[in-house]
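These are my notebook entries on one structure, written down in the order in which I looked things up. I begin with a single residue and work outwards from there.

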Amino acid sequence: DEQRIEHAEPVDLSALIELQLDLIRDGLALRQQRLNLELECELIVLGQSILLQRLFRNLLDNAQRYTPDQGLISVTAQRRGGWITVAVEDSGVGLSADQLPRVFDRFWRASPDRGDGGTGLGLAIASRICLAHGGSIRVTSQLGEGSCFLVDLPAYQAA
């Protein structure tokens, strides 16, 4: 069930990510969470802005949710050859090795009893959006030390 994006247009990921960060800044301040931001300028992909907003909002919401008060969230975005790589890293609870393969499954939650308001759909949706844009998403994590979600999307080449 390979889906491709219809009505794709050039989208500046740097600006889009900044916009999503603006939406969580109050929450970051409230919990005294620190933000380390390194975005290259004009990282352009071909896609649907609304879907890409949802992708990065899901990743940022998770990072904020699972990072403790006074914790650190890092967001980096850079171009590597024909690809743009965005990393969203948190200093939160992390995931165990046996949890990693299931993290993008629909309705799967690391611990459903946490009462954090999650539905287990955010990362499944993020994964589908990446695939639909010709990209991929992966995670590295250490239990008790945090997680890093890496999104690779094809860079847009203007004719």
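Entry one, a single residue. Leaving aside its neighbours within four places in sequence, which residues is valine 86 in contact with? Before answering I note that the model is a predicted one, and that valine 86 is found in strand E5, which covers residues 83-90. I looked up the contacts and found Leu13, Ile17, Phe56, Thr76, Ala77, Phe149, Leu150 and Val151. I then asked whether valine 86 is buried or exposed. Its relative accessibility is 1%, so valine 86 counts as buried, the cut-off being under 20%. I also looked up one distance, and the C-alpha atoms of valine 86 and glutamate 38 are separated by 9.8 Å, although the two residues are 48 apart along the chain.

Entry two, the chain as a whole. I wanted to know how many helices and strands there are in the protein chain. I found three helices and seven strands, and read along the sequence they follow the pattern β-α-β-β-α-β-β-α-β-β. The protein chain has 159 residues, of which 42% count as buried. Among the contacts with a separation of 6 or more, 71% are made by residues 24 or more positions apart.

Entry three, helices H1 and H2. Two of the contacts of valine 86 that I wrote down above, Leu13 and Ile17, appear again on the H1 side of the contact between H1 and H2, and Phe56, another contact of valine 86, appears on the H2 side. At what angle do helix H1 (residues 13-30) and helix H2 (residues 49-66) pack? The angle is about 40°, and the axes are 9 Å apart. Angles under 35 degrees count as roughly parallel and 65 to 115 as roughly perpendicular, and H1 and H2 are therefore oblique to each other. H1 passes H2 in a right-handed crossing. Sorted by class, the contact of H1 with H2 has 10 nonpolar, five polar and two charged residues. Arg57 and Asp61 are among the H2 residues that meet H1, and I return to this pair in the entry on salt bridges.

Entry four, helices H2 and H3. I repeated the search for H2 and H3, which pack at an angle of about 145° with their axes 9 Å apart, and H2 passes H3 in a left-handed crossing. The residues of this contact divide into nine nonpolar, three polar and one charged. On the H2 side I found Leu51, Leu52, Arg54, Leu55, Asn58, Leu59 and Asn62, which meet Gly122, Leu123, Ile125, Ala126, Ile129 and Cys130 in H3.

I next asked which residues of helix H3 (residues 122-132) are buried. They are Leu123, Ala124, Ala126, Ser127, Ile129, Cys130 and Ala132. The buried residues of H3 pack against H2, and also against strand E6 (136-142) and strand E7 (146-154). After H3 comes glycine 134, whose phi is positive, near 75°.

Entry five, salt bridges. How many salt bridges does the count come to? The count comes to five, and I looked up three of them in detail. Glutamate 18 forms one with arginine 25, with the closest N and O atoms 3.5 Å apart. Aspartate 22 also forms a salt bridge with arginine 25, here with the closest N and O atoms 3.0 Å apart. Glu18, Asp22 and Arg25 are thus noted as linked in a network of salt bridges. Aspartate 22 and arginine 25 both lie in helix H1, three residues apart, about one turn of the helix. An α-helix has 3.6 residues a turn, so residues three or four places apart point the same way.

The third salt bridge joins aspartate 61 to arginine 57, with the closest N and O atoms 3.0 Å apart. Because aspartate 61 and arginine 57 are four residues apart in helix H2, they are separated by about one helical turn.

Last, I checked the accessibility of these residues. Glutamate 18 counts as partly exposed at 33% relative accessibility, as does arginine 25 at 32% and aspartate 22 at 45%. In H2, aspartate 61 is partly exposed with a relative accessible area of 24%, and arginine 57 is partly exposed with 27%.

How values were computed
Residues numbered from 1 in each chain as written. Predicted model: local features only at pLDDT ≥ 70, side-chain atom pairs only at ≥ 80, totals over all residues. Heavy atoms only, no water. Axes fitted to C-alpha atoms, helices over the stretch in contact; angles between N-to-C directions. Helix = DSSP H or I, 4+ residues; strand = E, 2+ residues; numbered from the N terminus. Parallel < 35°, antiparallel > 145°, perpendicular 65-115°, else oblique. Left-handed = near helix turned anticlockwise from the far one by under 90°. Contact = heavy atoms within 4.5 Å. Nonpolar A, V, L, I, M, F, W, Y, C, P; charged D, E, K, R; others polar. Salt bridge = Lys/Arg side-chain N within 4 Å of Asp/Glu carboxyl O. Buried < 20%, exposed > 50% of the residue type's maximum accessible area, 1.4 Å probe, protein only.
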